[in-house]
Amino acid sequence: MFDPDIAPSGTLLGLLQRGRGDGTLHALAAPRAEALAALHHCVLHDPRRDWQVENRSLYYARLCLDLDADLDEIEQHLFHPDDLVNTDEERTGLALAVLGHLAAYDRLDALRLLRRYAAAGSNWEWALDELALRDDDAGLRALAPAVLGRFPETPDGDAELADAARGAFEPRPWRLWADDPAHGPRVRAVQEQGAFDRWQRQLRPSGPRPGWSVHDVLAWAQQEHDLRPGSRRPDAAARCLAAVAGPEDRPELLAAAASAPDAARATALRYLADTGDPEVLDLIEAAVTEPDASEAVSRAALGAFERMRSIAALDRARIWAHRPDVLGAAAAAMLAARGGQYDAGLVLAALRRTVRAEGPHGQALWTLVDGAGRLAITCAAPVLRHIYRETASSHLRGRAARALAATDPTFAAGFAVECLWDCEETTRELAAHHAATGDARVVEQLRRLAADPAEEAEVQTAVRSRIGPDAAGV
């Protein structure tokens, strides 16, 4: 993830960067040149904090259609000389995804641009995946020489080609090429070799084997961590411990959770938390708060605590929730997710504290916002409205909207209306259930969503529950 430069929420650019429904409504009311400039800035400079999970492409594609935008600036961006040196997916991924949606809306200029980029661009895999969903067989077959020509017919080239075919999200082009008389033999050969290589790797497992002891599993976890720091071997090792550890191994596991090397300690903490050992909460607190504890151990201890479902863990969370550190944040998150109504005060205090300390974007807010909605904390509505307006995360905004639906009686006539144009389908679905139909814009947008073939099925189901089964004709 990265932190893009986000304009203030009160500006047209800031609204569009956030993917808010008000961004579309303001763009349609603004001078067309101003709206197009803001739209192109968003498409060419991806504003998402996490481009792999946040949605913007359909949102921007719909606005392109509403503004009758041409594709000249997107074309210049895709074929800029920077494409030769900056091959990161986030430079071109959003633009390609927007083109994919436009092609689905029968914009032939978008389809032709995707074909050109798939043949010559550095992020050709993304373009090919978009085309796999929208292009016809003839168009995909015509790309075979350009795509396969990227890989020399050498052992290394064939290995890279096999990796590309295996890593494709959409297999349709590769299936077409495998059946092609001219290119099929090579494509089939590299696919078969890739399958054989995977089979060979499966025959040479390096992990735990039957007969391993607790000591062996802990040693394996540490060895794998030393070879590949940052791997998630402690999680896998903890699952192995569930198969080999018995009551007689508890002293060794407690000792490992208190002072073993990082990966072994993390493994023991995870296992003891999963089994609800009565001493694990003290060990978790020590792992997080002791001065010489490593970040890896602290993170593993917090993760182990967050997985716990016991009454003892909730009781300890009520004690820790007052702390101003990461342990307090984890405790508040547990209460937000699983606490009772009597924990509302602690959750609200943590929500306010987190917004003051981290602003409206912090990852820690996600669970707290959900908790405010789950516990129906009505006095949390002002801070939830602030998060909704200001956060750059469309996922967090959607969570804030869901919490407002449970806490704010003005939601249906307020934020729910603009949520019908939001970039996230889950937020549009929420709005379809709640938006007050007294606003003429609401009924018109509900009809549009019901008739749009690009809209998610869940959103259309919610729409039809409001305006009848024959929504498109209402």
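Helices are taken here as DSSP runs of at least four residues, numbered from the N terminus. On this basis, D68 lies in the loop that joins α4 (57-66) to α5 (72-78). The model in which this loop is described is a predicted one. Most residues other than glycine have a negative phi. D68, a residue other than glycine, has instead a positive phi, near 50°. The relative accessible area of D68 is 57%, and since values over 50% count as exposed, D68 is therefore assigned to the exposed class.

A second residue other than glycine with a positive phi is A376, for which the value is likewise near 50°. A376 occupies the loop between α24 and α25 (381-390). With a relative accessible area of 39%, A376 is classed as partly exposed, because this value falls between the limits of 20% and 50%.

At the level of the whole chain, the secondary structure consists of 30 helices and zero strands. The protein chain has 474 residues, of which 50% count as buried. The C-alpha trace spans about 70 × 65 × 45 Å along its principal axes. Among contacts with a separation of 6 or more, 64% are accounted for by residues 24 or more positions apart. The mean pLDDT of the chain is 90, with 93% of residues reaching 70 or more. Residues 199-203, by contrast, have a pLDDT below 50, and this stretch makes zero contacts in the model beyond near neighbours in sequence.

Helix α18 (residues 262-274) was examined for its length and its surroundings. For its 13 residues, a rise of 1.5 Å a residue leads to an expected span of 18 Å, and the end C-alpha atoms are 18 Å apart, in agreement with that expectation. Of these 13 residues, 11 are buried, so α18 is largely enclosed by the rest of the structure. The buried set runs from A263 through A264, R265, A266, T267, A268, L269, R270, Y271 and L272 to A273. The enclosure is provided by several helices: the buried residues of α18 pack against α15 (214-227), α16 (233-244) and α17 (250-259), as well as against α19 (280-289) and α20 (295-307). After α18 comes G276, which has a positive phi, near 70°.

The pairing of helix α23 (residues 344-358) with helix α24 (residues 365-374) was also characterised. The two helices pack at an angle of about 140°, and their axes are 10 Å apart. Angles over 145 degrees would count as roughly antiparallel; α23 and α24 are therefore described as oblique to each other. The crossing of α23 past α24 is left-handed. On the α23 side, the meeting residues are V347, A350, L351, T354 and V355, and their counterparts in α24 are L365, L368, V369, G371 and A372.

Within this interface, T354 was considered individually as a residue of helix α23. T354 has a relative accessibility of 11% and thus counts as buried, the cut-off being under 20%. When neighbours within four places in sequence are set aside, the contacts of T354 are with G359, A364, L365 and L368. Two of these partners, L365 and L368, are listed among the α24 residues that meet α23.

Technical notes: Residues are numbered from 1 along each chain as its sequence is written. This is a predicted model: local features need pLDDT of at least 70, side-chain atom pairs count only at pLDDT 80 or more; totals for chains, interfaces and linings use all residues. Side-chain values use heavy atoms; hydrogens and water are left out. The expected span of a helix is 1.5 Å times one less than its number of residues. Buried means under 20% relative accessible area, exposed over 50%, partly exposed in between (1.4 Å probe, protein chains only). Contact means heavy atoms within 4.5 Å. pLDDT is the predictor's confidence in each residue, from 0 to 100. Axes are lines fitted to C-alpha atoms, for helices over the stretch in contact, and angles run from 0 to 180 degrees between N-to-C directions. Angles under 35 degrees count as roughly parallel, over 145 as roughly antiparallel, 65 to 115 as roughly perpendicular and the rest as oblique. A crossing is left-handed if the near helix is turned anticlockwise from the far one by less than a right angle, and right-handed if clockwise.
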